[in-house]
Structures are given as structure tokens and as C-alpha cells.
Amino acid sequence: MRLIVSISTFLISIVGYTGSSYSQAAELANIQSQCRNITPQQRQMAKAAGYDVDQLCSSVSNLNSQESTQQPIRTVIPRGSAVEMNSRGVIGEPTEPVSEEVEFVADLVETTKFIDDSGLTRYGYDLFAGIPTTFAPATDIPVPVNYVMGPGDQLQIQLLGKVSQNINLTVSRDGTINFPELGPISLAGLNFTEAKSRIQETVKEQMIGVRAVISLGELRSIRVFVLGEAFKPGSYTVSALSTMTNALFVSGGVKEFGSLRNIQLKRQGEVITTLDLYDLLQKGDTSGDQRLQPGDVIYIPPVGKTAGITGEVKRPAVYELKNENNLESLIQLAGGYSASAYPNISHITRKSNSGFTTVIDVDLTTKQAKSTRLKDGDLVEISTVLDEYEGVVGLTGTFHRPRKVKWKQNLTLGDVITSIRDFKENTDLNIALIIRKSLPLREISVLHFNPRSVIEGGEDKDILLKPLDRVVTFSAFDASRHSGSSLDLFKETDPEIGSIEEANALEAQLEKEEIESKTNFRVSLLTPVIEKLKEQTSDGQLVRIVEISGNVRFPGVYPLSQNMNTRDLILLAGGLREAAYLGNAEITRKDLSNFESASVEHINVNLAEQLTGRKSFELQPKDKLAVYTTPEYRERLNISLQGEVRFPGEYEFKRGETLSQVISRAGGFTPMAHIQAAVFTREALKLQESARLEELRERMRADIAASELEEVAAGEAAGMNNAEALLNALSETEAVGRLVIDLERIVSNEMTDIQLQDGDQLIIPAFRQEISVLGEVQHATSHLFNEQWTLEDYLDKSGGLTGRADDDRIYVVKADGSVFLPNQSGWLTHQNEMLNPGDTIVVPLDTDRIKSLTLWTNVSQIVYQLALGAAAVKSL
């Protein structure tokens, strides 16, 4: 109801606004605000009333740019006189002539309230939705042959033959037409067919060689009255061919409390006929729709007795009752029951004489209930069929066609599972479940069976099914050992797969689907069952669930089925993984037999004996089975050998195997191998380096932030720029995980060999003849190794040091990744002996410029070393 009031107030304000000097700016702002906030429901209701809200709002928004002297905006011809609108919701005296559209919208408030208090629509009133906003007479109605001519009718006459002429003649008040050259012709009392014949005969007799073709032009108008509970009662000028329904539409239809079933046509004070619009709406019967004559009165009395019907009928609504006095006739008015109706349980809501509302239950399948008499204001509700199934058995999981099967006496598993073709290819045929609901409380219990036994005709095929049983099967896929067998199987059935790209795409898709099936079938199918088992256990007993962990394909919580043993639980969890230990497994059991204190018991079982059936350990509620891993079992361990080895590639090794042993398996080194420059990386070291780099980044940021707060000299400010550049370089540096090794001494057994770890990588580069110079030199470059050159020679050949160089901390990064520091003894006297092909000379930046950045030396050295290591790895 509030929605109707709000839309009506909005429409009254918007169509009544003129934009003239009399209007206030606040009113315009209010209307524009309502335009912005109009809801879809309000927009739909305005459209049903024949108004385009978007167009109206657009017109109002344009008023801001218009002159105040502009003519008022009208959607309908204005009446030109002030009208009192207080009775229709407009408060106060109007300040200007009120347009007819304002009255139209005001009356719309009364007419569009078609929603009953029960929430049902009043049937039939939407026939007048979208009523016309003008009141022009209807002239496009076909003219019947028995139409009686009268004053004001126009005849269109075409003369053919000797004379070719078009003549339009109007019937005068005395019922004649004045035909040129022939004089008056009387048509009084004649219908159109008779009038046409008389004119044609007269022309034929008096105008030899001429014939006339006659049709009706404009028809005369008549004035009728539409009174009573009409939308706009009053006097209307309509076409002479108009009927009662034409006049109703012209007047805007029937108000909410007007009758649709007893519309009266009165002529000279007597009721000529009555019109029942239900006959038109439900049967298409227009026999009661009489043609109007001048002075006729269409009277719409108040609505009679009504009753509503809701629920499972085809047309829920509030109906006006005429000859329908019982429930059966009301249901027929509503179109009968819907497909989901359950008339056995229905009820009538009725206002009693005591001033209260009461409910009467009825079973509409009985004749007595159907003949129950209705009272004014009754509301009948037809119940719906429940969504729950009855007398069926459900098949879910990996069936090709999950479905419901009608239960019958002595129905067995063998009756619903007949072939391996019933299942998808990845179905686990070792175990499946029956989820059983026990009537009448619908408590669930779980049974297990072997699908393979059912298919092969074993004893499980004779398991009797009960109503509401649900048979659940599972996928056998194990994502951890996906080997592409599904792809191979697909290739056998689809010869179109040819390219490697197509095969890889298909394999990825199959793997995704199978991983989803692994996740969904074991978890999503059984989670509701487990939750239900938890809910129905309220007597202090343990919930009938069990848990399995360790080396099984699908560890987790499962329902405890009847007579479930250890083997059954392992099969329900998808079976054992290859790492599972077949010796002892542990079962943890809770004991609540002592009311004073609960206890926990650990029981060892031999899995080999359980799986072979030599022994069977029956499980109890809340048991937990832990399956161990076989001692010393490990996944595959691999090392990557790259570069100058005879057979580079991935090598699998066993625990305890060393680097030299794997190199020997790879055939040793090639003649071009630069063994001294070998790069050995390890994943564990890479993780440590990453953590160390992040720590250094944070410390560098803190030091730079602290230094920026101090007042530094101009030279120190330049040093801060260098610090920022170093921090950026550190941020871009990635961990390599390099382990410095003396590979030459390792393979010759002169030092301790390296124990391998999974993910290790050894790169043997080709022999390098150059020595590189990096850092604060004029031209960082590489030079061919010269035994006669010293460190100073290489620096001189690189253009010498820059002004920012720290000549006291020059160091050398050897080809194997080790570092000679500047303060090492013997540096100055033996520096030429320390240089070898593949070495790199690094000239660091002078870090004493900013004393607060104590990390500079270490950070710059780390950046250079990691950069050199990464370059060595990427050089292959």
C-alpha cells in the first residue's frame, strides 16, 4: 500500500508541475530528487498507468535551462479551471489551473490498489492497466451489416459509368440524404444493407448507365453515461458502434471496489442487460456486450461477495463471487489445481462472528469438502506436494545416470546395478555405501557393499533395499600418482588427437577433472551424512563415525557402516598408498563405559592380515586408524648435472650417495670442462639466502631512513643517493643457493665428498680464458688471462679507479665462488699468483662517506657475489 501511495504522490507532483513563475524552486528540487530515487516497482506501476516516468523526469530536468515565462508543460489538454484536489490527496488551494492529468493520477491511486490485504491480486482489474490518457471516441470498430442508419452518419458514394464522381453525403435529422441531381432519399429506420440497396436502385433507375459503390464514412457520435464505481464516472461521447466494454475502456475502467460481474446497462430507467466481465476474461464470451444507444447509462455497482484462493492453483487471486457458492466453484474460477497441488491438506481462513480469525481444515478430495459454502472474505489455501521423495531408491556418485528408482517389494542391489556400464570408468569397484533412512523418524544408518560383487553376481547383489535408500559410489582416482593413463584411454577412443599441443591440453583437462572428482566425491558426498549422524546422536553415545589417517589415498572422517572392519575402512578411504607399511597399524579407541572417567586405548593390528582376510578387526564408533609409512621410504631424490659432463641430465640417487659417485655415473667431465669454475647449488641454501637478503633489505631501509633524518653535508647527501641505488640493487638480487666447493679435490678424493640432497644442481661451465673487472673502475670489462699481469695491470687496463673507489677493500671472487679479501696476507707480493682464468676483480664503493651505513661493505659484497653466481648459472 505504501508503494502505491508513494508512486501516486510522485506522479501527481511531476505531471502537475508547470514550471511557471508560480512554482517554487524547492518543489522542482523535490521532484528531481524523486526522479533520481524512483524504484523499479514504482516505475512498473507508473507504466501500467500509461505514464513514461523516464520521459516525464527528462521534461522536468530540462526546466533548469528554460525561461520562467515558458508555457506550462502538458501531457493532456488542460481543463483550464481550478479544481479542488483535497479529496484526492493534494493539500491546499491550487495556485493555477489544474490539468486533467493531475485528476487522472489522483484517481489512479484509487484504481491501482489491486493488491488485497492478503497479498493477492484482485482478479480482472488488470484488464484496464495501461488505460488511454485521452478520451477520444472509438472510431475504428468494424461496422456490422445490421447497423441502423441515423442522423450524422456519413456515406461515401462513388459513381461509375457515364458519370465518374465521388460524393460524401450526411444523413440529416429527418433521416434523409440530399443526393445531387436526384433529390432527397429517405433512409430513416433502414440498416446499412438496406440503405445501400435503396440508393443503388435509385441511381440505377434515374441515372442510366451509372452504378454506385457505397461505403460508410464517419459515423455519428452518441452520448452515454458511465456511473457508479467507474474510474472516471461521467458523460462520454462515443462512436455509435461502441459497446459496453468500449465505454468502460474510454472511462478508464472499474475502481477497486467496483463489480466486474454485474455491470448494468440502463435505458430509460430500466435495466436492459448485465455484463459479466469474467465471461470475457475466462471464456472469451462477448454475448453480453451490448451495443450502446444515445442516452444509455452504464452503471457499475459496488463489488459483491469476494473470496481469495492462494497456493497451488493456476490463478491465485481474489475473486468476486456470483453463482460460485462453494469451494469447488472457486477452484474452477482459479483455473483448477496446479501440477504441484496437494488438495488433501487445505484450509480456509475465515473472519468469525466473534471478531476473531479462525482456520477451517478441509480435505478437498472429498465431495463434502468441495461443497463447503463460502463466506465473504474467505481465503482458501491449497497445499503443495512436498519436495521429499517417497517410495524411491536414489543412485548417486559415479553412476552414468544418477537417478531415482521406484522402490518395490524385494528390490535388491542386483535389480538396480546390472552391468559395469552403469558406472563411469574411474569408479571405485571395491566399496560403495547405502545410506538408509529408517522410518518414521528418518534416522540414518550406513551399510557398505562391494560393487564388483554385485556386477559379478556375488552375494552382495541380494542385499535388500528399502524405501528412501541412497546408493553412493566413489571415484577411484588418486591425483598423487597421475600417470596419464586416462589420456591413453582417451586416445584409444578418439583418433582425432594427433598433435602434442592437443595431447597436453587434453591431459591437463583430464587431470583437472580427476582432481576435482577426488576432492568432491569423497568429501562432499559424505559430509552431509556425517553431519546428520552427529545431529541424531543425543543419548550420550559415541557418534557412529570413524577416522583414518596416514598413507591412504583419501584420509579423513567416514561414517561407520554396519559390521565395518579395518579392511572396509581402508577400502572406503581409497586403499593404501605405495608408501604404506603393511605391518602394524594403530587404532585409537575411546571408552565411555566408565561414567566417572573416559579412557583411551591403543590397539595394534597387522594390515597384511587384515587386507588378506586372515583376521578381521571390527571397528567401533569414533575409532581412529593410523596407517604408518614404510621405514626408510622416500620419494625419488634427484640431482641435475648440466654443462660439461659426458651425459648431462637428471639423475636419481639413493640416500647417502655422494656427488663424485653421481659424476662417475654421468661419465665424468668433457675435455672442455672448467672444473675450477663449477657451480653447485642447493635448495636449502637458497631458502636461507632469501631470508638473509630480506633481513639485509630491512636493515638497509632502517639505516637509510635514520640517516635521512640527520643533517648531512653536501658530500654526504650524494652518498645517500648511492645508498638508495645500492638498496635498489639489493632488492633486485635473487638468492642462488650456491655452495662453494673444490670440485677438483673432491673427485680426486683429496677432501671429503658431498652428501647429496634432493634438488641439488651442479653446473660445469666450459673453460674460460678471461678475467673480469667490476665495480668502481672507469670501464668495467673482461680481459684475456695473462700470467705476466698483476692486479694493478688489470685495473689499469680497465681505465683505473674512479673517485668513489675504495682501493683498500679491493677483492677477488674466484671462479669457484670463493673470495680473497683485501687484507689477506701476501696480497701485495703474490697477487699475480692468486689470479686464475674465470676470476673476477671487484672494486667496491668507498663506504666511509656515510659512517652511519655500517652494512655497506657486506651488502655490496653480497650483491656482487650473488650476481656473479647467477650469471654463472645462466651462462649455459
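**Exercise 1. Find how R745 and E750 are joined, and state the exposure of each.**

Step 1. R745 and E750 make a salt bridge, with 3.8 Å between the closest N and O atoms. A salt bridge is a side-chain nitrogen of Lys or Arg within 4 Å of a carboxyl oxygen of Asp or Glu.

Step 2. This is a predicted model, in which local features need pLDDT of at least 70 and side-chain atom pairs count only at pLDDT 80 or more, while totals for chains, interfaces and linings use all residues. Residues are numbered from 1 along each chain as its sequence is written, and side-chain values use heavy atoms, with hydrogens and water left out.

Step 3. R745 has a relative accessible area of 38% and is partly exposed, whereas E750, at 53%, counts as exposed. Here buried means under 20% relative accessible area, exposed over 50%, and partly exposed in between (1.4 Å probe, protein chains only).

**Exercise 2. Describe the pair R768 and E770.**

Step 1. The closest N and O atoms of R768 and E770 are 2.9 Å apart, and the two residues form a salt bridge.

Step 2. R768 is partly exposed at 28%; E770 is partly exposed at 24%.

**Exercise 3. Place the salt bridge between K322 and D276 in the chain.**

Step 1. The N to O distance between the side chains of K322 and D276 is 3.6 Å.

Step 2. K322 sits in the loop between β12 (317-320) and α9 (327-333), and D276 in the loop between β9 (270-275) and α8 (277-283), so the pair ties together parts that are 46 residues apart in sequence. Helices (H or I, at least four residues) and strands (E, at least two) are DSSP runs, numbered from the N terminus.

Step 3. D276 is buried, with a relative accessible area of 7%, while K322 is partly exposed at 38%.

Step 4. Both residues belong to a network of salt bridges that links R261, D276, K322 and E324. The structure holds 17 salt bridges.

**Exercise 4. State how confident the prediction is along the chain.**

Step 1. The chain has a mean pLDDT (the predictor's confidence in each residue, from 0 to 100) of 77, and 71% of its residues reach 70 or more.

Step 2. Among the elements, strand β10 (residues 297-300) has the highest mean pLDDT, 95, and helix α13 (residues 485-493) the lowest, 35.

Step 3. Over residues 18-23 the pLDDT stays under 50, and the model has 12 contacts (heavy atoms within 4.5 Å) for them beyond four places in sequence. Residues 825-830 also have pLDDT below 50, with 11 contacts beyond near neighbours in sequence.

Step 4. Where pLDDT is low, the predicted coordinates should not be read in detail.
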